[in-house]
Amino acid sequence: MANGRLRVAPESYHPTIESGDVAPTASSTAPHARAARLQDIASAVGTPCYVYDAAVIRAAYATLDAAFGGYPHAIHYALKANSSLAIVRLLQALGSQADANSLGEVDVALRCGFRPDQIVFTGVGKSAAEIDRAVSLGLLAINVESPGELDRIDQRAVAQGVRARVALRVNPDIDAKSHPHISTGLRSNKFGVPIDEAPALFREMAARRGLQPVGAHVHIGSQITTLDPLRQAAEAVVALAHALADEGIALQHLDMGGGLGISYDGSPVVDPSEYVRTLVAATRNSGLQVAIEPGRVLVGPAGVLVTTVVDVKQFPGAKRFVVVDAGMTELMRPALYNAYHRIEPLARRDGDESVVDIVGPICESTDAYARDRAFPPVAVGDLVVVHDVGAYGAAMAHTYLRRPLAPEVLIDGDEWRLIRRRQTLDELLALETE
Ligand SMILES: Cc1ncc(COP(=O)(O)O)c(C=O)c1O
């Protein structure tokens, strides 16, 4: 039973940019002060809650931007990672452009101040309504996923009397060496068109009255931790652009997608600056603008999930469980991908670590944040911090078991503010009739 003295863990809450060039300004805040602030926030808004640090996002953006070294580029923040309005606005204010994966995300981007010509729209199954609206908005590019979709966009553009700017999403059949559930660049994945079919489809696009081909797009997966697949994908689209230029089809940009991984467990990942320099090196002699669609690398390390221990139980001779008040409803990644997140008590108790499963309150066996993890002693009521949840945390949250959505807080310098309050049960039920 953990009942030792509580002290604030000095190593608590230390979001860092792994191998970034630009240090987050908030890192000057002493760890004790940051932990104390998380305690204050948790008391004020309750748990579970997401807490983001604006300085970490700014630093991650600055690192990517600076690495282009003046080469023409556009950073399209992938809203799918975290489309909370305050986060999207923060990125917009930094000069980012936007990558939307649904019409909802297009609308969030517009609402947060992005112009239509700063938004690229990707999506493997765009509905007729989505195509119609995307065309009428005049987005920077609709990323085309198939010959059928090419046709449908053309038809809607002709009907509207406009030419839609389109980019073709190519599938280069490259193994991103990421988790199979977030790999998208293999022939066996549903995304894009095989790259060898791309020249014919570009010819087709160039011939259509309703289409203006402006770019080629590739996105081979997410949480990619080695540079090689990203380099190969970039080289493949650059070679395609050269071949098209030889035929007189001049593109404006090459959209290299997102996918750069972050270090969830401290093991080495690709340096974001080196990644950008690799893309620029691959593209430079084409003279084309490089677009990227980073999500995770911009916001992932900026967020923590603060949760409270609600039970500690030991099965005799078997497992010890730490049950917290957050689960797969607030953070799907462990249940979806068996993903690893660093987890620690906000305040350390004296005593030895033991091996535990850290689990949520949801009635699903897959609702576990960590299994067989060495963990310091904790007691009911202690706060526990789950790191690196800024991307694909709140964005993937859901209300299974009628659990209202958790609040989100943004720290900016010495201030913090609630950017989404906790959903009430009445709000959750508001769409229903009895
Ligand atoms: C088309 C597209 N672009 C960008 C991203 C962002 O990826 P990440 O968050 O890994 O950078 C994704 C996510 O998988 C995506 O599907």
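Among contacts in this protein (heavy atoms within 4.5 Å) between residues at least 6 apart in sequence, 71% join residues at least 24 apart. The model is predicted: local features need pLDDT of at least 70 and side-chain atom pairs count only at pLDDT 80 or more, while totals for chains, interfaces and linings use all residues. Residues are numbered from 1 along each chain as its sequence is written, and side-chain values use heavy atoms, with hydrogens and water left out.

**Whole chain**

Begin with everything displayed as a cartoon. The secondary structure comprises 12 helices and 20 strands; these are DSSP runs numbered from the N terminus, helices being H or I of at least four residues and strands E of at least two. The radius of gyration is 23 Å, close to the 22 Å that the globule rule gives for 434 residues, so the protein is as compact as a globular protein of that length. That radius is taken over C-alpha atoms, and the rule is 2.2 Å times the number of residues to the power 0.38. Along the principal axes, the C-alpha atoms fill a box of roughly 75 × 55 × 45 Å.

Next, display the surface. About 17,400 Å² is exposed by the protein, and carbon and sulfur atoms supply 51% of it; the areas come from the Shrake-Rupley method with a 1.4 Å probe, and for residues only the protein chains shown count as cover. Of the 434 residues, 56% are buried. Here buried means under 20% relative accessible area, exposed over 50%, and partly exposed in between (1.4 Å probe, protein chains only).

**Strand S6 and its neighbours**

Select residues 141-144, which form strand S6. In a regular strand the side chains alternate between the two faces of the sheet. Ala141 and Asn143 lie on one side of S6 and Ile142 and Val144 on the other, and all are buried.

Add residues 119-121: this is strand S5, which pairs with S6 in the parallel sense over two bridges. Pairing requires that DSSP find at least two bridges between the strands. Val120 has Ala141 in S6 as its bridge partner. With helix H5 (residues 128-137) also selected, S5, H5 and S6 appear as a right-handed β-α-β unit. A crossover is right-handed if, with the strands pointing away from the viewer, the path from the first strand over the helix to the second runs clockwise.

Then select strand S7, residues 164-171, which pairs with S6 in the parallel sense over three bridges. Val144 stands opposite Leu168 in S7. Helix H6 (residues 147-160) completes another right-handed β-α-β unit with S6 and S7.

**The nonpolar cores**

In soluble globular proteins, nonpolar side chains tend to be buried together. A nonpolar core is a set of buried Ala, Val, Leu, Ile, Met, Phe, Trp, Tyr and Cys residues joined through side-chain atoms within 4.5 Å. Select Phe202, Met256 and Leu298: within the largest core, of 105 residues, these touch the most other members. Helix H8 (residues 227-246) gives the most to this core, with nine residues. Apart from that core lies another, of 14 residues, among them Ala35, Val306, Leu346 and Val409.

Centre the view on Phe202. Beyond its neighbours within four places in sequence, Phe202 is in contact with Leu168, Pro213, Gly215, Ala216, Leu240, Leu244, Ile249 and Leu251.

Move to Thr283 in helix H9 (residues 272-283). Thr283 counts as buried because its relative accessibility is 0%. Leaving aside neighbours within four places in sequence, its contacts are Tyr71, Val238, Leu254, Met256, Leu288 and Val290.

**Backbone particulars**

Select Thr47 and Pro48, whose peptide bond is cis, with omega near -5°. Pro48 is found in the loop between helix H1 (31-45) and strand S2 (49-53).

Asn338 is not a glycine, yet has a positive phi of about 60°. It belongs to the loop between helix H11 (333-337) and strand S14 (343-345), and Asn338 is exposed, with a relative accessible area of 68%.

Asp372, also not a glycine, has a positive phi of about 50°. This residue lies in strand S17 (residues 368-375) and is exposed, with a relative accessible area of 51%.

**Last stop: Phe375**

Phe375 is placed in S17 and, at 1% relative accessibility, counts as buried. Not counting residues up to four places away in sequence, Phe375 touches Val322, Ile343, Glu344, Pro345, Glu353, Ser354, Val356, Ile358 and Val384. Finally, add Val193: its C-alpha atom and that of Phe375 are separated by 46 Å, the two residues being 182 apart along the chain.
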